[in-house]
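Please examine the structure below with attention to how its parts are covered and where open space remains. The explanation that follows proceeds from a single residue to the whole chain and then to one pocket.

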Amino acid sequence: MAAFWLSNAARRHRSPSSSILLSYSIYNILVQPSSPPSTTLSKSSPNDAFFNSNHQFQSPYRSWASSSHFYSANIQKIARFRPPFAELAAALNSYAGVSTSASSSSGGDASGRGQRDACKAVKVLSWIDLYLPQKIRPYAHLARLDKPIGTWLLAWPCMWSINMAASPGSLPDFKMMALFGCGALLLRGAGCTVNDLLDRDIDTKVERTKLRPVASGLLSPFEGVSFLGLQLLLGLGILLQLNNYSRVLGASSLLLVFSYPLMKRFTFWPQAFLGLTFNWGALLGWSAIRGSLDPTVVLPLYFSGVCWTLVYDTIYAHQDKDDDLKVGVKSTALRFGGSTKQWISGFGLLSIGNLALSGYNADIGWPYYAFLGAGSGHLAWQIWTVDLSCRVDCNKKFVSNKWFGALIYAGILFGRVTS
């Protein structure tokens, strides 16, 4: 009997298993309120910590007063006891770090601080960190493979143009669309690599970009340049499958790809140069199908894409406007300031107007204009509802532009089939 009681007492006072630690840590994140918890623990509270000073298990039914304290004291236990959970533990520890930094101030500005903290983006693990080999991860992050929105924004003008170039009553060339889709993935990755190589000194001073592979030192500039060479070589393989006219036209876009990252140092309009770069596919897609350009169709289509880029990338630039001021780089977000919504409303109208003109000159059927109306509503929703002081909302509206591109694509597709 004595042995029985001693064994029960030992079970009550031994440290909890790693599975319990992991379960409670995940549960705490799910049920935690939106505002980050305070890191100050009250010594008089019976629920001040899950572990006492000896890190012994007290009670599985007690509330958890401070997730930050729990993570900082015990998250490494999870990684040590269960190595496969090491990366999840790192993510939870990162969450605790965000919560701790968000609660450094006190006093009467608590409500304002809570609103600002709610608009801070939390870095989370992507599929790259979970599934790719460790040596490959920095290169995948450098190409932004875990953030496909850039590829979508680069690919949609290509798809618009390929569909417009199709014969009336016919479906588009799906093989050509597949080639351009792969090209958009490679060229977007190459552009990101060029940007990170040229901006590595600036990226270290900007909160959102300081952990990028080159800026953080995960990759050396030589490794970045080598990876860029591989991306361009693969892109060349796709370009060589097009006609001669398109090969020359596609190669000429490299001047824009390499010069765009430098524009923020010299002008408040780098978003306009990005528009010229990202929408080059509106010219290239048509020439790949027809072997030449029809200015009455492709120039309004190209200009509409440039104006669209000025809308979504100005919204995107508002995420970094405070850091940009400190570093000394320029953007349309800083140029427009408090008049941003008026400016991007004008660019939105220009984009829709030129899309209508391009469709009219291409003799697109009536479904195109129905989808164009839906796209106009989506663009208006972005502009009217975006909170330019909130990084999370700016990013949300920016990412939603893939649906604008999809609406225009659907309109061209159905309009061409019915024309």
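Thr340 has a relative accessibility of 1% and therefore counts as buried, the cut-off being under 20%. In this predicted model, Thr340 belongs to helix H20, which covers residues 340–361. Leaving aside residues up to four places away in sequence, the contacts of Thr340 are with Thr314, His318, Ala333 and Leu388. Of these partners, Thr314 falls within helix H17 (295–317), and Ala333 falls within helix H19 (332–336).

Helices H17 and H19 also appear in the surroundings of helix H15. The buried residues of H15 pack against both of them, as well as against H8, H9 and helix H14 (254–263). H15 is mostly covered, with seven of its nine residues buried. These are Pro270, Gln271, Ala272, Leu274, Gly275, Thr277 and Phe278.

The chain as a whole provides the setting for these helices. Its secondary structure consists of 23 helices and zero strands. Of its 419 residues, 46% count as buried. Among contacts with a separation of 6 or more, 71% join residues that are 24 or more positions apart. The accessible surface of the chain amounts to about 21,000 Å², and carbon and sulfur atoms account for 64% of that area.

Attention may now turn from covered residues to open space. Rolling a probe the size of a water molecule over the atoms reveals where empty space is left. The second largest pocket has a volume of about 480 Å³. It is lined by 25 residues, of which Leu187, Gly235, Leu239, Gly250 and Ser253 are the closest to its centre. Two or more lining residues come from each of helix H8 (149–164), helix H9 (174–198), helix H12 (221–239), helix H13 (244–251), helix H15 (270–278) and helix H16 (281–290). H9 gives the most to this lining, with seven residues. H15, described above for its buried residues, is thus also one of the elements that contribute to the pocket.

What is the chemical character of the residues in the lining of the second largest pocket? The lining divides into 18 nonpolar residues and seven polar residues, with no charged residues.

Where does the second largest pocket lie with respect to domain 1 and domain 2? Domain 1 comprises 132–159 + 166–241, and domain 2 comprises 262–418. Because both domains give residues to the lining, the second largest pocket lies between them.

Key:
Residues are numbered from 1 along each chain as its sequence is written. This is a predicted model: local features need pLDDT of at least 70, side-chain atom pairs count only at pLDDT 80 or more; totals for chains, interfaces and linings use all residues. Side-chain values use heavy atoms; hydrogens and water are left out. On a 1 Å grid over the protein atoms alone, a cavity is a set of points where a 1.4 Å probe fits but cannot get out, and a pocket is an open set with protein on both sides within 12 Å along at least five of seven lines; lining residues have an atom within 4 Å of a point. Grid points are joined across faces, edges and corners, and a volume is the space filled by probe spheres set on the points. Helices (H or I, at least four residues) and strands (E, at least two) are DSSP runs, numbered from the N terminus. Ala, Val, Leu, Ile, Met, Phe, Trp, Tyr, Cys and Pro count as nonpolar, Asp, Glu, Lys and Arg as charged, and the others, Gly among them, as polar. Domain bounds come from an automatic or database domain assignment. Buried means under 20% relative accessible area, exposed over 50%, partly exposed in between (1.4 Å probe, protein chains only). Contact means heavy atoms within 4.5 Å. Accessible areas come from the Shrake-Rupley method with a 1.4 Å probe; for residues, only the protein chains shown count as cover.
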